[in-house]
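Work through the exercises below with the structure in view. Each task is followed by its solution in steps.

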Amino acid sequence: MCSTGECGEGSSCEGSGGEGSDGEGSDGAGSGGEGPGGVGLFGEPCFAVPEELQVLLDGLAVVAGSDVRGVDDDTLLGLFDGLELLDRLFHAARFGVLGELDARDLTVRRLGHVVANEAGWRHGASPGRVRRDVMCANALRRHLPGVADALARGEIPVDRARELASRVNDRNSAVLGSIQVALIAL
């Protein structure tokens, strides 16, 4: 996976205006480690992670690498609560990104795969799980924006958002959409 902005030695991840780094067209045969439109070594597209996300990733890596067996009870309970909130916020962001990728048809246009298949190829994720997440993202985006907002505020667990999104369809979307506040409060 090359989404951290490190495409290999000498590459810039900035793209090159559709030309290979050798300036001879877009065959990517140059020696600078970057091919057409930001393609890194081995044909792997390279996209830089936004700085604010990189800061979060660095902090989470510290937490993930910590041995929790030695922490006191209050710290362990704080980690328990904090990671639940993180899960809610993470999924709100994930659903937003997946929904937008799907709406723009971006992975098909730029990378040649639907979102779920690209996640499987690029990240090793289960395409079936990602496909379900895309469906959830689209249901929240189109029919249950109040539920999506509550998830983004950390007010509801991701499981409730998934459950509500899985129940919405063309026949009941107007009714479920009109009672989102009550559904969130359940």
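**Exercise 1. Place Val 168 in the chain and decide whether Val 168 is buried or exposed.**

Step 1: Val 168 sits in the loop that links helix H7 (158-167) and helix H8 (173-178). Helices (H or I, at least four residues) and strands (E, at least two) are DSSP runs, numbered from the N terminus.

Step 2: The model is predicted, so local features need pLDDT of at least 70, side-chain atom pairs count only at pLDDT 80 or more, and totals for chains, interfaces and linings use all residues. Residues are numbered from 1 along each chain as its sequence is written, and side-chain values use heavy atoms, with hydrogens and water left out.

Step 3: Val 168 counts as buried because its relative accessibility is 12%; buried means under 20% relative accessible area, exposed over 50%, partly exposed in between (1.4 Å probe, protein chains only).

**Exercise 2. Which residues is Val 168 in contact with, leaving aside neighbours within four places in sequence?**

Step 1: Contact means heavy atoms within 4.5 Å.

Step 2: The partners of Val 168 are Ala 139, His 143, Leu 144, Ser 173 and Leu 176.

Step 3: For His 143, the C-alpha to C-alpha distance to Val 168 is 7.5 Å, with their positions 25 residues apart in sequence.

**Exercise 3. Describe the setting of His 91.**

Step 1: His 91 belongs to helix H2 (residues 73-104).

Step 2: His 91 is buried, as its relative accessible area is 10%.

Step 3: Apart from neighbours within four places in sequence, His 91 is in contact with Leu 151, Val 158 and Arg 162.

**Exercise 4. How many helices and strands does the chain have?**

Step 1: The chain has 9 helices and 0 strands.

Step 2: Of its 186 residues, 28% count as buried.
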